[in-house]
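Biologist: Could we take a close look at just one spot in this model? I'm new to this, so please go slowly.

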Amino acid sequence: MAGNGFQSGWGGGDRRYADDEAGHTLPAGFTVPDGPGYGGHDGGYDGGYDGGYGRPEPEYAEPGQAEPAPDNVTTYRAGGRTAPRATGPRLGWRELLLGIYRAPARTFDQMRDHQVWLPAVTVSLLYGVLAALGFGDTRGEIVKSTFTVALWSLAGAAVAFTVAGMILGTVTFALARQFGGDGPLASTVGLAVLVGWTSDVPRALAALALPSAGSLVQLIGWATWALCASLLTTLVRRVHDLPWGKAAGAAAVQLLALLVMVKLPTLG
């Protein structure tokens with residue numbers, strides 16, 4: 001009887017256990033529903049397990065549609081920028097010249113990828129004439145000379161300051177690249193020329209009406225040189241994405257040259 005009971009339990013009389021033997025496994029007693037959210041046959045994703053892997057499928061633009069906008073994620077470049085660059089369209093002359101002094105960081109960011117050769121050359125030519133008249137001895141010689149000689153003297157000064165500004169801007173660009181910067185040549189040179197010459201305009205105008213050796217002209221000269229140093233350092237930092245120390249080092253040669261060329265002859 002015992003043997004018969006054993007046989008009735010395992011030999012085929014009771015199928016509860018025989019069905020679990022090798023080759024006789026039955027399907028589970030549940031099913032996976034189809035439909036969105038469960039990764040069924042449609043393989044879609046609308047907040048569920050999307051295909052059973054728990055990852056949303058990448059978004060692709062349909063033909064004729066624009067690509068999805070990228071995340072505004074902070075990127076780290078040569079100097080470790082901590083905020084995205086505020087790029088934009090090219091600024092007009094008035095917005096550019098005013099923006100250099102009202103919002104220099106934003107202006108340099110916006111003009112990083114735009115060349116400013118025409119404003120730089122025009123400002124250089126005008127400043128060259130103003131600077132020549134601002135030197136006491138030079139102004140006296142121009143005033144006492146004939147019209148032709150005076151014209152050639154002013155034209156020569158304008159061209160000389162234009163070339164000097166381009167050379168100094170190129171040196172600043174080369175040093176910035178040497179320190180690990182990644183800014184373009186055109187914007188670096190053009191903006192450096194604008195900063196270097198326009199920042200000295202108040203001193204040059206004061207020197208036309210007042211003695212260049214006077215205390216007021218000297219005070220304006222040192223103040224404008226300090227302003228030029230701050231703006232030029234900011235320019236290199238924003239255009240080349242360098243930290244303050246390296247940006248100041250890249251601008252140092254141009255600042256010293258401006259001090260020797262323009263400031264010291266009138267302030268000394």
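What is the relative accessible area of Asp182, and does that make it buried, partly exposed or exposed?

Modeller: Sure! First, a heads-up: this is a predicted model, where local features need pLDDT of at least 70 and side-chain atom pairs count only at pLDDT 80 or more, while totals for chains, interfaces and linings use all residues. Residues are numbered from 1 along each chain as its sequence is written, and side-chain values use heavy atoms, leaving out hydrogens and water.

Now, Asp182 has a relative accessible area of 27%, so it is partly exposed. The cut-offs go like this: buried is under 20%, exposed is over 50%, and partly exposed is in between, using a 1.4 Å probe and protein chains only.

Asp182 has a partner, too: its side chain meets that of Arg112 in a salt bridge, 3.3 Å from N to O. Arg112 sits in the loop between H4 and helix H5 (117–134), and Asp182 in the loop between helix H7 (147–178) and helix H8 (185–198), so the pair ties together parts that are 70 residues apart in sequence. Those helices are DSSP runs (H or I, at least four residues), numbered from the N terminus. A salt bridge needs a side-chain nitrogen of Lys or Arg within 4 Å of a carboxyl oxygen of Asp or Glu.

Arg112, for its part, counts as buried, at 9% relative accessibility. The story doesn't stop with two residues: Arg112, Asp113 and Asp182 are linked in a network of salt bridges.

Zooming out, the whole structure has 4 salt bridges. Another one joins Asp200 and Arg203, with the closest N and O atoms 2.8 Å apart, and both of those residues are buried.

Methods
Helices (H or I, at least four residues) and strands (E, at least two) are DSSP runs, numbered from the N terminus.
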